[in-house]
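Student: I've got a model open and I'd like to talk through its packing and its empty spaces. Can we start with a single residue and work outward?

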Amino acid sequence: MKNIFTALFLLTSIFTFAHGGDGFKHSDIFKTLGPNDKVAILMVHFGTTHDDTRALTIEAINKKVSQTFPGVEVREAYTSRMIMRRLKEKGMTKPNPTEAMNKLIADGYTHLILQPTNIIEGIEMEALQKEVASYQTKFKDIRLGTALLHSPEDYQAVVKAIAASIKDKEKGDCVFVCHGTYHPANSTYGMLDYVMKAQGHKNYHVGTIEGYPTMDDVIRELEANKAKEVTLIPFMFVAGDHAKNDIAGDWKDELEKKGYKVNVLLKGLGEYPAIQELFIQHVKFATKHQREDITVKKKKYEKTDEID
């Protein structure tokens, strides 16, 4: 089995792009598999209670990852406790990362790659890094993929993918509405805006619901561009509550009050095949590289029946 995996991923590795900067060491997870070892990929999502966008984003990328890595077990976990609680009330149970990792250990998996569908390296990623670090001694090899926007190359690839995906769908100036955060990673959105304009998209603007740039900042850019028509586009993995209520509701209403003709492209980033492919490239990168910031000296791996 080890030889089959090795041959497969030597072929796919040519499509794996590098992340700029330090923080990673080269390490092929499939070359470390022993005859009795088992490897899995855990897709980690914030989650959503909306069935329509879940099918088009979360379930779609889970399926695509399974197709990309034949023979590798692919499972999922959610991180939003509120969403998991609401889904449970509807009869749908989703494990959190800890529960999913404990189940993988119980099922005999020794090697694990976690790939989040987070957009930025913010609060959610920090929490996930801590969880992964706490499981370093429970797997022979465990590694965490990066968020969509991690390296400068990621920004450039994402902007190109988005521009190609919305071509012929955009009308007037495009406003990409992000979630926003109080975490320092909110600066991601400023860089995203810069890269968009650096690639020649002077009619692209980035705004956030709970951070910076604000709607007022976006309006100033629209005024400077003398825009008359706007297309609002969620810059979120799923088109859930924020997209349907804040973007298609509050943002659309406010811009219309300002006199703009407003269109809404109500699709989550996870619906675009080009964005799905970028996440898959991150999984491929994780198969070949280990984050040094969560690599710790491990005790000799000992498989036990007890799970802490």
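Student: Is alanine 248 buried, partly exposed or exposed?
Tutor: Keep in mind that this is a predicted model. Buried means under 20% relative accessible area and exposed means over 50%. Alanine 248 comes out at 25% relative accessibility, so it counts as partly exposed.

Student: Which residues does alanine 248 touch, not counting those up to four places away in sequence?
Tutor: First place it: alanine 248 lies in helix H10, which covers residues 241-257. Leaving out residues up to four places away in sequence, its contacts are Ala243, Val264 and Leu266.

Student: And how far apart in space are alanine 248 and valine 262, C-alpha to C-alpha?
Tutor: Along the sequence, alanine 248 and valine 262 are 14 residues apart. In space, the C-alpha to C-alpha distance is 9.5 Å.

Student: On to the empty spaces. How much space lies in the largest pocket, and which residues are the closest to its centre?
Tutor: The largest pocket holds about 880 Å³ of space. It is lined by 32 residues. Of those, the closest to the centre are Phe46, Asn118, Glu124, His179 and His242.

Student: Which helices each supply at least two residues of that pocket's lining?
Tutor: By class, the lining of the largest pocket has 14 nonpolar, 14 polar and four charged residues. The helices that each give at least two residues to it are H4 (81-89), H6 (123-134) and H10.

Student: How many cavities of 30 Å³ or more are there in the whole structure, and which elements give two or more residues to the lining of the largest?
Tutor: The search finds one cavity of 30 Å³ or more, and the largest cavity has a volume of about 50 Å³. Eleven residues line it, the closest to its centre being Phe24, Leu144, Gly145, Phe285 and Ala286. That lining divides into four nonpolar, six polar and one charged. The elements giving two or more residues are helix H11 (273-288) and strand E10 (289-291).

Student: Which residues touch the most other members of the largest nonpolar core?
Tutor: That core has 51 residues. Leucine 192 is one of the residues you're after, and its contacts, not counting residues up to four places away in sequence, are Leu149, Tyr155, Val159, Cys178, Val206 and Phe235. The full set is Ile41, Ile162, Ile166, Phe176, Leu192, Phe235 and Ile275.

Student: How many residues are in the other core that lies apart from it?
Tutor: Its members include Val44, Tyr109, Leu112 and Ala147. The count for this other core is 19 residues.

Conventions. Residues numbered from 1 in each chain as written. Predicted model: local features only at pLDDT ≥ 70, side-chain atom pairs only at ≥ 80, totals over all residues. Heavy atoms only, no water. 1 Å grid on protein atoms, 1.4 Å probe; cavity = no way out; pocket = protein on both sides within 12 Å on 5 of 7 lines; lining within 4 Å. Points joined across faces, edges and corners; volume = space filled by probe spheres on them. Helix = DSSP H or I, 4+ residues; strand = E, 2+ residues; numbered from the N terminus. Nonpolar A, V, L, I, M, F, W, Y, C, P; charged D, E, K, R; others polar. Buried < 20%, exposed > 50% of the residue type's maximum accessible area, 1.4 Å probe, protein only. Contact = heavy atoms within 4.5 Å. Core = buried A, V, L, I, M, F, W, Y, C linked by side-chain atoms within 4.5 Å.
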